[in-house]
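Got the viewer open? Load the model, colour it by chain, and follow along one selection at a time.

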Amino acid sequence: MLAEFPWLTLVIWLPIIGGIAVIVSGDKAAELTKWVALTVSVLTFFASLPLWLNFDASNPAMQFVQRSDWIPTLDIEYYLGVDGISMPLILLTTFITIFVVIAGWDVITYKPSHYMGAFLIMEGIMVGVFSALDAILFYFFWEAMLIPMFIIIGVWGGPNRVYATIKFFLYTFFGSVFMLVALIYMYFQADSFSILDFHTLQIGMGAQILIFIAFLLAFAVKVPMFPVHTWLPDAHVEAPTGGSVILAAIMLKIGGYGFLRFSLPITPDASAYLDGLIIALSLIAVVYIGLVALVQKDMKKLIAYSSIAHMGFVTLGFFIVFTIVRQTGSDDGAVMGISGGMVQMISHGFISGALFLCVGVLYDRMHSREIADYGGVIHTMPWFGAFVVFFAMANAGLPGTSGFVGEFMVILATFRADFWYAFLAATTLILAAAFTLWMVKRVIFGEVGNDRVAKLRDLNPREFLNLGVLAAVVLAVGIWPKPLVDVMEPTIENLVEQIQVSKLPVPNAPVAGIQP
Amino acid sequence: MENVYLTIVLAPLIGAIVAGFFGGVIGRAGAHWAASTGVGISAFLSLWVVGAFIWGGAPTFNETVYTWMVSDGIRFEIGFLVDRLTALMMGVVTFVSFAVHIYTIGYMADDEHNWPEGSRAGRNSYQRFFSYISLFTFSMLMLVMSNNFLQLFFGWEAVGLVSYLLIGFWSVRESAVFANLKAFLVNRVGDFGFILGIAAIGMYFNSMDYAEVFARAPEFAETQVALFGGVSLMTLICILLFIGAMGKSAQVPLHVWLPDSMEGPTPISALIHAATMVTAGIFMVARMSPLYELSTTALSFVLLIGAITAFFMGLIGLVQNDIKRVVAYSTLSQLGYMIAALGASAYAAGIFHLMTHAFFKALLFLAAGSVIMAMHHDQDIRNMGGLRRYMPITWMTALIGSLALIAFPGFSGFFSKDAIIEAVGDSHAFGAGFAWLLLTLGAFVTALYSFRMYYLVFHGKPRMDEHTRSHLHETRWVVTLPLIALAIPSVFIGWMTVEPLLVNNWLGDAIYVKPEHDSLRHLAEHWHGQKAFILHGMSAPPFWLAMGGLLLATYIWWFLHRSRPTIDEELQAKSGPVGRILADKYGFDDFNQRVFAGGGRAIGQLFWGTGDRTLIDGGMVNGSARLVGYLAGVIRQMQTGFLYHYAIAMIIGLVVLLTLFVAL
């Protein structure tokens, strides 16, 4: 019975309807609306739990499937389902949203109901992106996601928010129109908008490359990958704390998810052909962006660049599979690479979310994100300092935290492909520690920087709860990642098998380019 | 047995959690009781385990506690391997840790003075310190008790974390938070190699488990890897892993963090930066002996790095004036001896020196801490002098520690260091002759700097100001008791354990040595008891050099110093370019600061300014926005609003189209 219930529909529409209700109710009873918003986010999280508890991890196929007509004249369906790749991301979404609602509690004074409502709507849309199995439904959610984020940055953002929102919007919109063209092209090939039907399409090499590039433009902007990453630091700097958290913790993951859902299974031959490009861009993200992060003076920019560097590990892990097969003649390690990328996405959701919350805590008190405005915060905010050091260590990939797991898996997988790839990837051990801990040194440690720092008060119970729960999760995944990895691996094993079979219109050929 | 081992590991962790999270509730006494009890239980059980291995013939324990993760068919597990090597390490770690816990009760008693007025971080600093040192004990035990590479890396990084927290413990001091960042980053450079080594093992063995990897290692003895123009797989793995050891055990050129780590409170200098954490690299290489034995190249590399560290870091110790830094450089030098022993395949001798050194170096650090307390936290030995009259226990125990350090016959350090030098002398590894020379000369240097410090601190006329002098007194029993507790093994442990460890191969299967590499065989075959070993040692160059150093130190800093109290400054002033090079610490710090720290920032600035802002944002992003604007402007010109413009355009278009149709 439980598996039959339309859980996905509930998890998508509960927050959207709840969000609209919150917005409509307005700010007259602001306190009450906040509680309603919190209740909706908590209920949504509980509604998403059955997706995990009733999930059959041994089954790589889609589960909790719902399928009905939407626009029958165009063969567009309301088609939802999750597998081991999307389910953890949905739980991440519903989990993180709770903290965003709590974090905005009394910080947002301008139209708080609209703020909370926007995040709830956003939540539903993002769950929709992760669960849509119809290409147009996916595209609908994908573009719809921009609207609440555009509003959140544009209304509650910082002084330069107009530039940031337009940059953000155009950048991401630019990428996604090409994806739409690719989706429509495939519709004509498959006579269906079902993404799973796309997975079985035979496509010639030339078309595959074009489709791959169209997807790449859409996903690379979202991830973001070098060199289309410069919207992210600007968007983060201008976004309110909650916006940054959602942006870093979830929206970036949609790009990574797209690679696994579309690029790899639909165009494996093109992926194998162009994997060198992705690997190069990923390694640039790790090294180049790591060095750029080092010299940032604004805490949010620093964490934004750190996000880009960490997302480099995700794309590296996803696309290392072909080089492994080429170099070793076996796919040992390929599953670990993709799993590592997935774990890195989940973990980065917690850690970067927490780090942005930490910056928010300081910003709410001092209205500055400049590193130079701080110093010796530990003397006035010892609990906060402890959390920052903890999350900084997690960001630097310390074992025992979730930040280590994904990096470790990706480095292990990459080593099989090429020593020098692994060498460059492993520089993150030094670079991530350098830029994160140097910031910690300047902000948290040392003598009390100025009188305003001297007057800071430590975390209030709500902030403490937020950071405490996230810290517990980061620690739990670091100490025992098995449950998370177990959920994903069968789906990923299936994917790895799938992408080694060529989609070129020649029956049963191995993927071009990985033939030894 | 599993429950015993779990208790040994978890008791300090529980102590750390109680002291750390509930420090405000249970107060200072509650925190030091919680932490010390945890470590005390752990120490008691560890010594019991050591006893079980010595007398009870306990079997090797190798079991999984839980499965951390299964990915791609590889099981990543948390589990314990307790054999004789591990048991010995557990005994050393928990014993020293327990002594340091007791000592800390005295040393940190008035820690509030080290914090600025009103600092909320300073309020529970005493409790926090206990939490950290207990957490360290937990991490170190996880490291030595691991049965796989994953958990090894866990412990490896966890001790690094606690070291970071403790070096920067007095976080208000700029020098302390500089030092802890430096320590963490330099260690990360080592870990960078280490994780690549682990990845190589993962790739070829598809397992993280020690037993499985060691059993299958010989299969890969001849495997070549197409890197650097062809290198043997084992050489690659061993050198990568050793880079990790160079970070953790502070070997040249990754040694630069250890002297700076003296910014931390003295108890942790004794525990972490002398007795235990920095020896993790030695333990690791000994544990990996089945791998290292398969690569003579890696062994020679290890040998030479160790010997270079032993001699050249000792030299710097001669020109240091901070009491803790003298001991720190002597630690670097002694770690070099241990590493050199490993390179000569004398793993047992390396571990033996690790153990004796843990006792006498922890003792020396704690004695230095006792002196520092008496001196009101003045650490400059030029301001000391004559302390033996005021602090008899500290004086005697420091003398014992110094004699052990310089390998005075009969003291524990004598057995272990002599064994190392003999083993390196008997080794046939490439570079063994050179290494032997450096280690032997090192004996002279060790004696010289040790007794320079000893005489300047405890002998001569008191040079401190009158206020400090009038307050000089022996420290409390919680401080002196650990000194005595460590002084006893500093004297006797060598005599007691040299025979089983080096002659009777007590470590047994825990260590693998290829017969042709066995550089300790000569020593074992010619063993006629400790007395004969001492007599034999007294006829060899290291002994004469050590005695020469001792005599020279006595002549300069005891005899000459009485008539010329400025002799030390004069010598340093006259030491010329050599002195300057030593004072600059061979320029490593300047180099790193300029090239790596400065260079990294400069490149980052370049990438950001030129790459991100000018090229990508300025060129691509805003450039395309401008292009769109420009094109729109051009097209706008055409939309004039005048009907006849449009009409003409339509006519021209029509004519062109018609022409085309006709022409085709």
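The tour below goes through each chain, then the contact between them, and ends on a single helix.

**Stop one: chain A.** Keep in mind throughout that this is a predicted model. Select chain A and switch to cartoon: you should find 22 helices and two strands. How compact is chain A for 516 residues? Its radius of gyration is 22 Å, close to the 24 Å from the globule rule, so chain A is as compact as a globular protein of that length. Draw a box along the principal axes, and the C-alpha atoms of chain A fill roughly 75 × 55 × 40 Å. Colour by burial next: 64% of the 516 residues in chain A are buried. If you like contact maps, take the chain A contacts with a separation of 6 or more; residues 24 or more positions apart account for 81% of them.

**Stop two: chain B.** Hide chain A and bring up chain B, where the cartoon shows 27 helices and four strands. Along the principal axes, the C-alpha atoms of chain B need a box of roughly 120 × 65 × 55 Å. Of the 664 residues in chain B, 58% are buried. On the chain B contact map, look at pairs at least 6 apart in sequence: 81% of those contacts join residues at least 24 apart.

**Stop three: where the chains touch.** Show both chains again and select the contact, which takes 50 residues from chain A and 47 residues from chain B. Which helices of chain A should you highlight here? Pick H12 (268–294), H15 (334–366), H16 (382–395), H17 (402–417), H18 (419–426), H19 (428–443) and H22 (482–498), since each supplies at least two residues of the side of chain A that touches chain B. Zoom in on H19(A), which gives the most to that side, with seven residues. Now colour the chain A side by residue class: 32 are nonpolar, 10 polar and eight charged.

**Stop four: a kinked helix.** Select residues 588–638 of chain B, which is helix H26. Where does H26(B) kink? Centre the view on B:Asp617, and you'll be looking at a kink of about 45°. Then show side chains for the buried residues of H26(B): B:Asn592, B:Gly604, B:Phe607, B:Trp608, B:Gly611, B:Asp612 and B:Val621. What covers these buried residues? The cover includes helix H7 (161–190) and H12 of chain A. H12(A) may ring a bell, as this helix was also on the list for the side of chain A that touches chain B.

Terms used
Residues are numbered from 1 along each chain as its sequence is written. Chains are lettered from A and ligands numbered from 1 in the order in which they are written. This is a predicted model: local features need pLDDT of at least 70, side-chain atom pairs count only at pLDDT 80 or more; totals for chains, interfaces and linings use all residues. Two residues are in contact if their C-beta atoms, placed from the backbone, lie within 7 Å. Ala, Val, Leu, Ile, Met, Phe, Trp, Tyr, Cys and Pro count as nonpolar, Asp, Glu, Lys and Arg as charged, and the others, Gly among them, as polar. The radius of gyration is taken over C-alpha atoms; the globule rule is 2.2 Å times the number of residues to the power 0.38. A residue is buried if 20 or more other C-beta atoms lie within 10 Å of its own, exposed if 12 or fewer, and partly exposed in between; C-beta atoms are placed from the backbone. The bend at a residue is the angle between axes fitted to the seven residues ending there and the seven starting there.
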